[in-house]
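Open the model in your viewer and show it as a cartoon. The tour goes from one selection to the next and says what is there.

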Amino acid sequence: MSPSAESVTAGSVAAETEKAGPVGRAVPPVLSARGIHRRFGSLVVLEGVDIALAPGEALGIVGPNGAGKTTLLDILSGAQAPSEGSVTFQGQDVTRWKVDRRCRGGIGRSHQVPRPFTGMTAYENVLVASVQGASHPRRAAQQHALDVLERCGLLGQANRPAAALTLLERKRLEMARALATDPQVLLLDEIAGGLTDAETDELIATIGQLRADGIAIIWIEHVLHALLRVIDRLVCLAQGRVLAEGEPAAVMSDPRVVEAYLGSAV
Ligand SMILES: Nc1ncnc2c1ncn2[C@@H]1O[C@H](COP(=O)(O)OP(=O)(O)OP(=O)(O)O)[C@@H](O)[C@H]1O
């Protein structure tokens with residue numbers, strides 16, 4: 001059963017997010033989507049998805065290739081409109097808000113393939129996000145950009161062109177650009193893909209810190225061991241529907257998830 005789009009039960013999230021409310025008390029979600037359908041012509045990609053994120057919660061989304069995960073993230077961030085359904089952020093219906101308005105409102109997003117301005121330095125990339133996404137005045141934006149670079153472990157690379165960064169550094173930069181917009185909700189799309197185990201550990205530490213700082217996170221990821229170290233709750237999407245949702249270990253051992261996502265090898 002998918003969670004209510006009206007409320008999230010704080011008892012379903014880990015101890016660190018209890019600031020969202022006493023265990024067992026329903027708290028309004030910071031971000032929710034209700035009855036989401038997405039069609040491309042005759043192709044049905046999402047079919048009645050309900051999802052809700054509690055303040056400060058880290059929610060993972062897994063599912064087989066083509067399940068509709070990135071499409072759902074696009075709909076939450078405003079990059080795509082749903083064919084049917086609504087998106088609510090901090091109690092406001094934002095379904096018709098474009099991506100830049102949602103970004104300025106507090107929904108930050110990283111992309112599966114990092115999209116820095118390659119001709120700019122890491123610092124300049126983050127500065128642009130800080131000025132445009134968070135509307136900081138220029139002087140405050142400069143300090144904010146440096147703070148965000150430090151938070152993401154990139155201060156030492158501040159003056160290097162984005163094109164010269166390693167894959168891990170580009171992933172960090174992708175996260176820094178999203179963070180520079182001062183998000184209350186951070187949407188991460190397969191940020192751990194392609195990294196070594198040591199690099200993944202570094203990234204997990206950074207994401208864990210953001211979560212500890214109170215940023216609510218939705219994280220789509222195929223690198224399950226990374227995801228499971230950070231999240232409070234897990235949703236499995238398959239063929240455009242929520243197949244299972246709840247405590248991560250329970251979802252991962254759900255026979256429907258094993259069959260749909262993990263296959264007979266598990
Ligand atoms: N603009 C589009 N036009 C037509 N079909 C699309 C479009 N965008 C996505 N799709 C299709 O929608 C389905 C879901 O795509 P989506 O990228 O959301 O899946 P996903 O779960 O994120 O997959 P992956 O794990 O491989 O990234 C796929 O079959 C994809 O080809």
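Begin by colouring the two domains. The domain assignment of the protein gives domain 1 as 1–106 + 185–266 and domain 2 as 114–182. Where they touch, 11 residues come from domain 1 and 12 residues from domain 2. On the side of domain 1 that touches domain 2, the elements giving two or more residues are α2 (99–105) and α6. Of these, α6 gives the most, with 4 residues. Keep in mind that this is a predicted model.

Now look at the whole protein. It has 9 helices and 12 strands, and 48% of its 266 residues count as buried. Among contacts with a separation of 6 or more, 64% are between residues 24 or more positions apart.

**The sheet**

Select the strands of the open sheet of 6 strands, whose order is β8-β9-β10-β5-β11-β12, with mixed pairing. Its edge strands are β8 (107–109) and β12 (241–246), each of which pairs on one side only. Neighbouring strands in this sheet are turned by 20° against each other on average, direction ignored.

Next, pick β5 (residues 58–62) and β11 (residues 233–238). These two strands run parallel and are joined by 4 bridges. To see one pair of partners, select I61 and find V235 in β11, its bridge partner.

Add helix α1 (residues 69–77), which packs on the sheet. Helix α1 touches β5, β8, β9 (185–189), β10 (216–220) and β11, and its direction makes about 155° with that of β9.

**Helix α6**

Select residues 197–212, which form helix α6. This helix has 16 residues and reaches 22 Å from its first C-alpha to its last, close to the 22 Å expected at 1.5 Å a residue.

Which residues of α6 are buried? They are T200, L203, I207, L210 and R211. Why are they on the same side of α6? They cover an arc of only 95° around the axis, so they share one side of the helix. An α-helix has 3.6 residues a turn, so residues three or four places apart point the same way.

Show what lies against that side: the buried residues of α6 pack against β5, α5 (167–179), β9, β10 and α7 (224–227). Then turn to the face directed away from the buried side of α6, where the exposed residues A198, D201, A205 and A212 are found. Just after α6, stop at G214, which takes a positive phi of about 100°.

**A hairpin and a loop**

Go to β3 (31–40) and β4 (residues 43–53). β3 and β4 pair in the antiparallel sense over 8 bridges. Select R39 to find one example: its bridge partner in β4 is V44. The hairpin of these strands has 2 residues between them, and G41 in this hairpin takes a positive phi near 60°.

Last, select V30, in the loop between β2 (26–27) and β3. Is V30 buried or exposed? V30 has 23 other C-beta atoms within 10 Å, and the cut-off for a buried residue is 20 or more, so V30 is buried. Leaving aside neighbours within four places in sequence, V30 is in contact with L53, A54, P55, Q90, Q184, V185 and A216. For a distance to check in the viewer, take the C-alpha atoms of V30 and V251: they are 221 residues apart along the chain and separated by 23 Å.

Conventions:
Residues numbered from 1 in each chain as written. Predicted model: local features only at pLDDT ≥ 70, side-chain atom pairs only at ≥ 80, totals over all residues. Pairing = 2+ DSSP bridges. Axes fitted to C-alpha atoms, helices over the stretch in contact; angles between N-to-C directions. Contact = placed C-beta atoms within 7 Å. Expected span 1.5 Å × (residues − 1). Buried ≥ 20, exposed ≤ 12 C-beta atoms within 10 Å, placed from the backbone. Arc of directions from axis to C-beta. Domains from an automatic or database assignment.
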